[in-house]
Amino acid sequence: MLLKVNNLSVDLDGENIIKNLSFEVSKGEIMTILGPNGAGKSVLIRTLLGFLPHKGEITWDKKYKIGYLPQGLNQLLTKDLPLTVKDFFNLKEPIPDKNEIVRYLSMVGLKEDVLSKNTGNLSGGEFQRVLMAWVLIGDPDILFLDEPTTGIDLGGGETIYSLLKKIREEKDLTIILITHDLNIVYGFTDKVLCISRKEHACFGKPHEVMSPQNLEDIFGTKLKYYEHK
Amino acid sequence: MNTQLLLSLISGICISGVAGYLGTLMLSKKMSVIAGPLAHLALPGAAIAIIFGLSLFVGVFPFVLLGTILIWALERKTRLPMENLTAIMFAFGVGTALLILPIDKADAALIGSINTISPIETAVVILISLSVIYMTNKMYSKMMLTNIHEDLARSSGINIDLYNFLYLLNIGLVVSMGVYLVGGLITAALIAIPAAIAKNISSDLKSYKIWATISGAGATIIGIFLNYFYNFPTGPLIVVTGACLFLITVSFKILKHE
């Protein structure tokens, strides 16, 4: 087992955000964290990454290289900086060499000429691809993706998930991601962990745990999911 | 060229060049408001230096350092917005200075005294400038990544609190030196204006850093020579020159986009 979480509780500013949560992630799995806004999904990821104090056990079976795309990392944050794509890659440590950058850019479907472009002048899809290459370049074992822009068409009919699927064929990756998109949960992930503000949590394979009743318990409203077959 | 002019030029170029370079990191909203209050905290220190006949730096640096540590610690402990904390520091600095600064001798504290800088002070300025450049270089990528997204930086193993502190320390050093050049009232301009000029004309990070350093130093050279020939006070001349350069680059930018 790559990650084992037992009875995890997280308090922030005196408020209990996560209560007695337990789950496991195996190597090579894709796990989605599902839940309404404010349920503590990002808090959970930030706790797993060691940014927040917690009670309970978080056990990694060994030290892993982590890649993380935090929530809200969007183009607006770099738009006002005189920052080229090359500059953005040079902020990584150790600084990757150009051949390595080009290799990863091509993995996400971008050409070398994007390197000299200002990050603010990229299209939304190009920027998402650059982010994906950026996070992959240190060769992480585990990717944490906090709501990567689901709706965005990366161009050429690809979404961030079809891209990730393609990358996983080339690299052995474990992925823990947050999304609201139920299509992604069914079509892309091995396991789903649902959390809600009311202590209710479920954990298991998507088909097993995502019953209409469970979805209603989590989101507090009637939801019905029609799977596209 | 006379020796005093040479000393003024050397120290002026060092201070403003370093301030310009460091200023390129002041991109996030959180950081851009800090230099002003820190510079105003320099005023009580400058007042003490003037009263006791000490070198300005000796009086100013402890106050700025204390202010730096206070802002850093208060922000972490109180989680108050940086704007709020800096406003408090700002008022504290000016208020204390008004209480103790001998108004008839206030020139040096208010508008700088680069024209009378001594050889020893110049040597100290060179030494501190080199140290600030070294430290800023070391932390540049980390601070830039932190500016973009703190969690992205954290997940890359960057100790954000430590680097924020080192960054503030560097600002403290530059502000303390800046008081020599332009005085406590307008020191923040030394840090803010060159970065704004460079941003208008740069397309990548390297040219951004270079232009900020050059425009900072350039405004100072022009200011010192204008003072030499026309005898207006140097500090305000430097800052006004910088502001004019900024307006020129804004015009170029607008023309380019039309």
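Contact here means heavy atoms within 4.5 Å; that is the sense in which a helix is said below to lie across strands. Welcome to this predicted model, in which 18 residues of chain B are in contact with 21 residues of chain A. This briefing looks at two sheets of chain A, one with six strands and one with three, and then turns to the interface of the two chains.

**The six-stranded sheet of chain A**

- The six strands form an open sheet with mixed pairing, and their order is E5-E6-E7-E3-E8-E9.
- Strand E5 (66–69) and strand E9 (201–204) of chain A stand at the edges; each has a single partner strand, so one side of each has no neighbour in the sheet.
- From one strand to the next, the twist of this sheet averages 10°.
- At the E5 edge, E5(A) pairs with strand E6 (residues 142–146) of chain A in the parallel sense, over four bridges.
- To find this pairing in the structure, look for A:Tyr68, whose bridge partner in E6(A) is A:Phe144.

**Helices lying across that sheet**

- Helix H5 (residues 124–136) of chain A lies across E5 and E6 of chain A, and runs at about 155° to E5(A).
- Helix H6 (residues 160–170) of chain A lies across strand E3 (30–34), E6 and strand E7 (174–178) of chain A.
- The angle between H6(A) and E7(A) is about 170°.
- E6(A) therefore appears in both descriptions, being crossed by H5(A) and by H6(A).**The three-stranded sheet of chain A**

- This open sheet has the order E2-E1-E4, with antiparallel pairing.
- Its edge strands are strand E2 (15–25) and strand E4 (55–60) of chain A, and each of them pairs on one side only.
- Neighbouring strands here are turned by 20° against each other on average, direction ignored.
- Seven bridges join E1(A) to E2(A), and the two run antiparallel.
- Within that pairing, A:Val10 stands opposite A:Ile18 in E2(A).
- E1(A) and E2(A) form a hairpin with two residues between them, and A:Asp13 in the turn has a positive phi of about 50°.
- On the other side, strand E1 (residues 3–12) of chain A is joined to E4(A) by five bridges, again in the antiparallel sense.
- Two places to look along this pairing are A:Val5, whose bridge partner in E4(A) is A:Ile58, and A:Asn6, which stands opposite A:Glu57 in E4(A).
- In a regular strand, side chains alternate between the two faces of the sheet.
- Helix H1 (residues 41–48) of chain A lies across E1, E2 and E4 of chain A, running at about 115° to E1(A).

**Where chain B meets chain A**

- About 1,800 Å² of area is buried between the two chains, and carbon and sulfur atoms give 70% of that.
- In chain B, the residues that lose the most area to chain A are B:Ile148, B:Asp151 and B:Leu152, which together make up 31% of what that side buries.
- Two salt bridges are counted between chain B and chain A.
- A:Glu93 forms a salt bridge with B:Lys142, and their closest N and O atoms are 3.0 Å apart.
- Six residue pairs are in polar contact across the interface.
- On the chain B side, the elements giving two or more residues are helix H7 (119–148), helix H8 (150–155) and helix H11 (205–230) of chain B.
- H7(B) gives the most to this side, with five residues.
- By type, the residues of the chain B side divide into seven nonpolar, six polar and five charged.

Technical notes: Residues numbered from 1 in each chain as written. Chains lettered and ligands numbered in written order. Predicted model: local features only at pLDDT ≥ 70, side-chain atom pairs only at ≥ 80, totals over all residues. Heavy atoms only, no water. Buried area = accessible area lost by both parts, 1.4 Å probe. Salt bridge = Lys/Arg side-chain N within 4 Å of Asp/Glu carboxyl O. Polar contact = N/O pair within 3.5 Å; in protein donor to acceptor, adjacent residues only side chain to side chain. Nonpolar A, V, L, I, M, F, W, Y, C, P; charged D, E, K, R; others polar. Pairing = 2+ DSSP bridges. Axes fitted to C-alpha atoms, helices over the stretch in contact; angles between N-to-C directions.
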